[in-house]
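Let's take a friendly walk through this model, chain by chain and then across the contact between the chains. Keep the structure open beside the text as you read.

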Amino acid sequence: MKKHTVILFFLLYNSFFSFSQKFTALVNQNPVKANEQLILAYRIENAGNLNLNPPKVDGMKVVGGPYVSNYSSSVNGVSTSTSEISFSIMFMKEGTYNIPPITVANKGKKYTCNSLTIQVKKNDVQIIPKGYEGKEIYVEVIPNKKKVKIGEPVALDLTIFTFTGNLEVLDLKIPEFDGGWVQEARFPLAGQVSLSSYKGKPYFKATFKRYWMIPNRLGKINYDPVKCNVMTHIYNNRREEIAQLPFDANSDTVKFVVEDLVSETKPKSYQNAVGDFEWSVKLNKTNSKNNEPIILKITVKGKGNLPLLSPPSIDWGNEFEIFKPKISDDYYIAYDGIEGEKTFEYNIAPKKNGDFKINPILFSYYNDDENKFYELASDSFNIHVEGATENFVTSNSSTPIFDNSKLTNIKTSSFFNSLIYYILTIIPFVLTFFIFFFRKRIFFTPTNMIDKNKKLAYQLVMRKMNELNTLDKDFSSNLSKILKEYIAHKFGLNINNIYKANLKTIFNQEELQNQSKQIFDEIELTQFAPTSNENLNELLNKSKKLIEMIENT
Amino acid sequence: MKWISYILFSFSIAFAQSIDEANQFLKSNELDKAIASYEKIILGGVHSHQVYYNLGIAYERKNKIGLAILNFEKANRLSPDNDLIQNQLDNLRLKTIDKPDIIINTGILKLFRKIQFSISYEIWGIFSIIFFFCIPLSIFLTYKSKSRLIFWSTFIWLSFGILCFSFARNSYTHYTKKEVIIINPTINIYSESNTESSILFTLHEGTKLEVISENDKMLEILYNFKQKGWIQNKHVQNINFE
């Protein structure tokens, strides 16, 4: 047994500690040289996924990350799942740095990691090699045009002018832009180096990112400076690294003048499409029965300002109820432009029966390469409507609006969540506990208690009588004792004062007096003369009847 | 007393005229005037889903997606179960660049949501108090009448009370949840509460973000239930009614 207990304890101990949770902070090297990258990792075991930012430390720069990894392992039956989040960091100057502990909440629990002390030594490689003194690196945002039309896509190339091709961009800050839409393009040839010149001096040139910008505001708009943190690697003739030189480079603000597309040739149907497009217009059916809606699908396909493209303006006449179009996009932002398609799907609900015509739908776009407007026209559509009932909500606009001066004004003041609400919520529970703990005082009076005691006395005597055995030699004396105890308890008397002569004073009713006297006489008789088992049973039954008679009086 | 009712009557007439006027501007596509009128009504202390919805329509027609979504979201807060508002929001979200995950309630959850938003959280709160007060009353009557049926009813009151309280709580959270809508065409999400920190990712106009914490200039946000970061508060507008 002892052996089994030890094994069980061992198993429980093992299984308990296999799920212990540990949150640690660690670095891949310490001490480290100034301006040298190192990895700061936070690791948590058996507590789900981590999501955190490193603490802010003066002189420490986060240059990469977060890099997230999750893995699990099992050693000697002990399984561990680990979540790790790491960052590339760098210390700019020599000294001793303390990375404070951080606390994370995960699955309702809080975990605090250890602090780290990092020794940062002077970087000997930092000595600028001969020939590299005064070298600079420049970043420029180069647009493909500066005078642009509203809605016209403009390419913004992020280009570095550098004295060496061995460099890496550690950090890049793209400005927030409030002049329109901007998205990064897929750039397969990013970072290709070519020879060029900058401010009259020879430099390597590398375009490492391209953004597409679509202005949606007229007048002067600015694209603020891009901030870039670059690390260059200097090698000697034997391809050994002799220096790492960090540079901060900011581009200049790029200023644009956005002009409106004002032209005599501008078609009336023109909305805001700029680029080169083709389109298709399709109806899913030309016959409508019993108010079945008809779907008109317009697909605009091509290269241009697809993200901001508005649906064409359509003259629907008065015969149809038109609902707002469902718009879906399917385009990709490539190096040479935004290409793909945009679909506008209209639900057309006929209002009445008959044959109707939808006039040709017009779509215009401005081709910025050719400086020319184009207008595309669809065919006209004939629609036959049967069984339409006029139960539509008609409005002047395609979008329904609330047109009622009776408003539902919702008050922002709150009773819920106020102190009064919580007090009122607590009161019933306090009352419940009060009633429960003081129930005896509130509901049970002394009269109740007497009644309860009497009831208990009756239950007790009946149980004792049922337990009596007529074959027992002490049957008669036990029965006498039980009856006397019951009468004493019932009438609050001393048991010694209960005897045959006294029964008349105890019971008021004559029947009870006679019955009780008779029972006690028979008990006496059975004590001294042999009695059959049947007679003893009869005596027991008579005693029970007497008790019931007493209870009923 | 007469003069108070006269003032109230004059106020309601003036108010009805201003809302009618704003609606007329919207119908006739005089969008700037309609926007100015609705903004004036809201500044006057009216929080109505109809006004926010119509203002959203006006902004949408002006192609100001961020402001349109902001006002539809406000309308949605005041009337969460309104299909018209929900449809407008769904349509506009198709126009936004960022496409966060959307939780769609189905089956029993949808039914619970429908019941939850059928009345205001204040009413649910009052119901919960009434049910909670039935508990001591039941206990009292149980001891008084010694009825087992009344005793078992205690658990029914408790269950109803908790249900009403949870409806009130959820509804209140929906109404007061701190969320913002991006108004700028493009914004950066920073790793720390300063613009010198590294940029984690970029988001665009019309996207809804949950606010976790804030300081004078920056807000810590949660995007798409999992991505955290900091943004400049000048680029967003609050959905809350403050």
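What follows covers the ground rules, the two chains, their shared interface and the salt bridges.

**Ground rules**

This is a predicted model, in which local features need pLDDT of at least 70 and side-chain atom pairs count only at pLDDT 80 or more, while totals for chains, interfaces and linings use all residues. Residues are numbered from 1 along each chain as its sequence is written, chains are lettered from A and ligands numbered from 1 in the order in which they are written, and side-chain values use heavy atoms, with hydrogens and water left out.

**Chain A**

Chain A has eight helices and 30 strands; helices (H or I, at least four residues) and strands (E, at least two) are DSSP runs numbered from the N terminus. Of its 553 residues, 40% are buried, where buried means under 20% relative accessible area, exposed means over 50%, and partly exposed lies in between (1.4 Å probe, protein chains only). The surface that chain A exposes comes to about 32,200 Å², with 51% supplied by carbon and sulfur atoms; such areas come from the Shrake-Rupley method with a 1.4 Å probe, and for residues only the protein chains shown count as cover. A contact means heavy atoms within 4.5 Å. Among contacts in chain A between residues at least 6 apart in sequence, 69% join residues at least 24 apart.

For a closer look at one residue, try Asn305(A), which sits in the loop between strand S23 (294-304) and strand S24 (320-322) of chain A. Is Asn305(A) buried or exposed? Asn305(A) counts as buried because its relative accessibility is 1%. Leaving aside neighbours within four places in sequence, the contacts of Asn305(A) include Gly151(A), Pro153(A), Ile214(A) and Phe277(A). Asn272(A) is another residue in contact with Asn305(A), and the backbone oxygen of Asn272(A) lies 2.7 Å from a polar atom of the Asn305(A) side chain.

**Chain B**

Chain B is built with eight helices and seven strands. Buried residues account for 48% of its 242 residues. Its accessible surface is about 12,400 Å², and 62% of that belongs to carbon and sulfur atoms. Among contacts in chain B between residues at least 6 apart in sequence, 55% join residues at least 24 apart.

Ile156(B) is a residue of helix H8 of chain B. With 44% relative accessibility, Ile156(B) counts as partly exposed. The C-alpha atoms of Ile156(B) and Ile135(B) are separated by 8.9 Å, and the two residues are 21 apart along the chain.

**Where the chains meet**

The size of an interface is often given as the accessible area lost when the parts come together. Here chain B and chain A bury about 5,500 Å² between them, 59% of it on carbon and sulfur atoms; this buried area is the accessible area (1.4 Å probe) that two parts lose on being put together, summed over both. In chain B, Lys27(B), Gln50(B) and Tyr143(B) lose the most area to chain A, together 11% of what that side buries. The contact draws 69 residues from chain B and 58 residues from chain A.

How many salt bridges are there between chain B and chain A? The count is zero, a salt bridge being a side-chain nitrogen of Lys or Arg within 4 Å of a carboxyl oxygen of Asp or Glu. There are, however, 13 residue pairs in polar contact between chain B and chain A (both at pLDDT 80 or more). A polar contact is a pair of N or O atoms within 3.5 Å; within protein, one must be able to donate a hydrogen and the other to accept it, and residues adjacent in sequence count only if both atoms are side-chain atoms.

**Salt bridges**

Over all chains, the structure holds 23 salt bridges. Three of them are listed here.

| Pair | N to O distance | Relative accessible area |
|---|---|---|
| Glu152(A) and Lys145(A) | 2.5 Å | Glu152(A) 4%, Lys145(A) 23% |
| Lys464(A) and Glu485(A) | 3.2 Å | Lys464(A) 31%, Glu485(A) 31% |
| Glu73(B) and Lys208(B) | 3.3 Å | Glu73(B) 3%, Lys208(B) 31% |

Glu73(B) in helix H4 (residues 65-78) and Lys208(B) in strand S4 (residues 208-214) link distant parts of chain B, 135 residues apart. Both belong to a network of salt bridges that also includes Arg77(B), Asp90(B), Arg93(B), Lys177(B) and Glu179(B).
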